[in-house]
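I have my notebook open and a fresh page to fill. Let me show you what I looked up, one entry at a time.

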Amino acid sequence: MKHKSLKKFLLAGLGVLAATTLFNTNRTNSVQAAKKSSDSLVIYFSKTGNTERAAKRIQKETGARILRITPKKAYLRDYYVTTRVAQDQIRQNIHPTNKTAKHKEI
């Protein structure tokens, strides 16, 4: 009985190891492919700075150009009010205007 349990445990471990290796290999290939392409552009909008940090990390890894979307009229600081406004805009198919921005290298 112990032998079968050990065998199942080892097989499960090997399966996890194989899946992890496959995932990491695909991620590495994707990043390398993006690095080779000079046509990459990271476009982002960030109210709180979280998305901006993620976009800059992607840009650093890939060497892509980066473009921040900035609305002409800033959203309110209150998260819940902003969420309701955004949901209303989505329901009514409203697309707020953005400031014109040019891409820049960081």
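Is Q89 buried or exposed, and why? I should say early that this is a predicted model. I found that Q89 counts as buried because its relative accessibility is 17%, and the cut-off for buried is under 20%.

Next I looked up where Q89 sits. I found Q89 in helix α3, which covers residues 79–91. Leaving out residues up to four places away in sequence, Q89 touches Y75, I94 and P96.

Y75 made me curious about aromatic rings. I found 2 aromatic pairs in the structure. In one of them, F45 and Y75 meet edge-to-face, with 5.8 Å centre to centre and 65° between the planes. This pair links distant parts of the chain, since the two residues are 30 residues apart. I placed F45 in the loop between β1 (41–44) and α2 (50–62), and Y75 in the loop between β2 (65–68) and α3. I noted F45 as partly exposed because its relative accessibility is 35%. Y75, at 26%, also counts as partly exposed.

Then I turned to Y79 and Y80. Their ring centres are 5.3 Å apart and their planes stand at 85°, so I wrote this pair down as edge-to-face. I noted Y79 as exposed, with a relative accessible area of 56%, and Y80 as exposed at 59% relative accessibility.

My last entry is on the nonpolar core. Which residues make up the largest one? I listed 5 residues: V42, Y44, A55, A64 and I66. Setting aside neighbours within four places in sequence, I found A55 in contact with V42, Y44 and I66.

Key: Residues numbered from 1 in each chain as written. Predicted model: local features only at pLDDT ≥ 70, side-chain atom pairs only at ≥ 80, totals over all residues. Heavy atoms only, no water. Core = buried A, V, L, I, M, F, W, Y, C linked by side-chain atoms within 4.5 Å. Buried < 20%, exposed > 50% of the residue type's maximum accessible area, 1.4 Å probe, protein only. Contact = heavy atoms within 4.5 Å. Helix = DSSP H or I, 4+ residues; strand = E, 2+ residues; numbered from the N terminus. Phe/Tyr/Trp six-rings, centres within 6.5 Å; stacked < 30°, edge-to-face > 60°.
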